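The exercises below are meant to be worked with the sequence and the coordinates open side by side. Each task is followed by a solution that proceeds step by step.

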Amino acid sequence: MNIRHIHLDTCGGIAGDMFTAAIVDACPEFQQPLLSFLKQLDCSMNPQISIEPFTDQVLCGQHFTVSLNQNHSHEHHHDHEHHHTHWSEIREWIVSLSIEEQVKHHAIGIFELLAEAEAKVHNKTVASVAFHEVGAWDSIIDILSAAWLIHQLQASSWSVSMLPWGGGLAKTDHGLIPVPAPATIELLKDFAFFDDDIKGERITPTGAAILSWLKPSSTISRGKLIGSGHGFGTKQLQGMSNILRVCLFDIEGQSNHSSVIVMECDIDDQSPESLAVGIDTIRKTHSVIDVVQIPAYGKKGRLTTQLRILVKPSCQQAVADCIFAHTTTLGVRWYEASRFELPRSEGYHQEHGVRVKYAERPGIGKTAKAEMDDIATHGHNHYHRESLRRTVELEACQVDSHEH
């Protein structure tokens with residue numbers, strides 16, 4: 001499969017089912033393998049899952065539906081007795097599945113973000129977060145579908161349009177809540193929104209968790225448009241199609257030249273332990289690519305720390321606000337720089353349980369780099385870790401060359 005950039009155009013909004021439907025519409029070769037993957041899962045509520053062509057008489061696309069016990073639809077009602085499933089139970093269940101480790105990695109990562117957001121808005125610990133049983137299985141299937149597709153696509157980059165605000169109120173078991181839902185708001189900090197005056201829940205918490213996990217930029221990479229797809233939501237919007245549009249770009253053989261924002265500041269009056277916490281927070285901020293700290297001497301002979309932060313284009317204001325909030329600096333410099341990038345992808349070494357990052361190097365071909373966090377988990381000492389790293393990287397390249 002060609003290395004791809006994928007753009008998510010949230011015309012109507014985004015939900016887990018819309019994400020799956022849009023990807024399958026753009027890549028119909030995934031439909032049967034995805035359904036086979038989902039139907040092999042040992043779900044206690046015996047879900048009936050389908051991906052069907054759909055049209056609203058304006059546009060055509062796909063509709064992903066999940067029916068639970070034949071009485072619960074993807075947009076279920078709340079007049080039945082609820083049972084709850086804790087996030088810790090869901091995580092344990094996902095870990096126990098006989099599926100590819102990289103799919104588990106994406107699924108657990110997405111669900112973890114959702115659980116963390118729910119915990120924060122309800123002032124609970126992540127371990128104590130519980131989902132209604134029907135809603136839990138809805139989210140599990142949506143998230144596992146998204147995780148499987150993300151793994152299959154192996155896109156080197158993602159981007160997303162501005163997000164529709166929606167607005168209004170939504171009815172829940174706990175009463176009326178504002179839209180977007182509090183968990184959605186928590187997940188989508190630093191994302192750009194607009195208001196098109198069409199009310200309702202346009203972005204679900206599950207859709208927001210998928211976006212947060214992908215960390216998409218706000219700009220489309222250069223490349224040739226090779227496909228698109230429409231994923232329909234369950235609701236009807238007044239005056240427009242309720243779709244998520246996915247656009248696929250082939251960046252193989254295209255220019256590897258791109259732009260990046262470089263942000264810099266100097267700090268000489270913040271303790272190392274406090275600055276370390278601040279840098280860690282900045283690094284986790286949406287749209288931050290990397291953070292480097294450089295020791296230097298500043299005015300009055302003071303030892304100074306210079307921060308150099310790489311940021312996705314058009315996101316410098318939000319990152320500057322984060323820098324001002326978590327460091328003592330009084331000013332931040334920024335400028336746009338050009339850079340060359342190698343096409344990249346990710347994989348997983350099943351035998352050793354180590355994630356692998358691949359890069360295409362001119363004149364050399366594909367190289368592999370083992371994820372050091374995973375190596376550290378399995379390695380007993382420096383020499384064992386180095387031996388394991390070399391083994392994983394060598395075998396990963398051999399496996400990849402055989403597959404191609």
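**Exercise 1. The nonpolar cores**

Which residues of the largest nonpolar core touch the most other members?

Solution. Keep in mind throughout that this is a predicted model. The largest nonpolar core holds 71 residues, and those that touch the most other members are L8, F19, W93, F111, L144 and W158. Next, look for the main contributor: helix α5, residues 133-153, gives the most to this core, namely twelve residues. Then take F19 as an example; when residues up to four places away in sequence are not counted, F19 touches L8, I14, A146, I150, W158, I210, L214 and L244. Apart from this core lies another one, of 17 residues, which includes M263, C265, V291 and I309. As general background, nonpolar side chains in soluble globular proteins tend to be buried together.

**Exercise 2. A pair of helices**

Determine how helices α3 and α4 are oriented towards each other, and which residues meet between them.

Solution. Begin with the axes: those of α3 (residues 87-96) and α4 come within 10 Å and cross at roughly 175 degrees. An angle over 145 degrees counts as roughly antiparallel, and α3 and α4 are therefore roughly antiparallel to each other. Finally, list the residues that meet: W87, I90, R91, I94 and V95 on the α3 side, with K104, A107, I108, F111, E112 and A115 on the α4 side.

**Exercise 3. A three-stranded sheet**

Work out the strand order of the open sheet that contains β18, and find the helix that packs on this sheet.

Solution. The three strands follow the order β17-β18-β19 and pair in antiparallel fashion. The edges are formed by β17 (344-349) and β19 (365-370), each of which pairs on one side only, and from one strand to the next the twist averages 30 degrees. Between β18 (residues 354-361) and β19 there are six bridges; in one of the paired positions, A359 has T367 of β19 as its bridge partner. Helix α4 (residues 101-121) packs on the sheet, where it touches β17 and β18, and its direction makes about 110 degrees with that of β17.

**Exercise 4. Buried and exposed sides of helices**

Compare how burial is distributed in α7 and in α9.

Solution. Helix α7, residues 205-214, is mostly covered, since nine of its ten residues are buried; among them are P205, A208, I210 and L214. In α9 (residues 316-326), the buried residues include Q316, V319, A320, C322 and I323. Seen down the axis of α9, the buried residues fall within an arc of 160 degrees, so they line one face of the helix. The face turned away from that buried side carries Q317 and A325, which are exposed.

**Exercise 5. Backbone exceptions**

Where does the backbone depart from the common pattern, in which most residues other than glycine have a negative phi and most peptide bonds are trans?

Solution. First, the peptide bond from V179 to P180 is cis, with omega near 0 degrees, and P180 is placed in the loop between β9 (175-178) and α6. Second, N123 has a positive phi of about 55 degrees; N123 lies in the loop between α4 and β5 (130-132) and counts as exposed at 72% relative accessibility. Third, the phi of D197 is near 70 degrees; D197 is found in the loop between β10 (193-194) and α7, and D197 also counts as exposed, at 61% relative accessibility. Lastly, K215, just after α7, takes a positive phi of about 50 degrees.

Methods. Residues are numbered from 1 along each chain as its sequence is written. This is a predicted model: local features need pLDDT of at least 70, side-chain atom pairs count only at pLDDT 80 or more; totals for chains, interfaces and linings use all residues. Side-chain values use heavy atoms; hydrogens and water are left out. A nonpolar core is a set of buried Ala, Val, Leu, Ile, Met, Phe, Trp, Tyr and Cys residues joined through side-chain atoms within 4.5 Å. Buried means under 20% relative accessible area, exposed over 50%, partly exposed in between (1.4 Å probe, protein chains only). Helices (H or I, at least four residues) and strands (E, at least two) are DSSP runs, numbered from the N terminus. Contact means heavy atoms within 4.5 Å. Two strands pair if DSSP finds at least two bridges between them. Axes are lines fitted to C-alpha atoms, for helices over the stretch in contact, and angles run from 0 to 180 degrees between N-to-C directions. The arc is that of the directions from the helix axis to the C-beta atoms. Angles under 35 degrees count as roughly parallel, over 145 as roughly antiparallel, 65 to 115 as roughly perpendicular and the rest as oblique.
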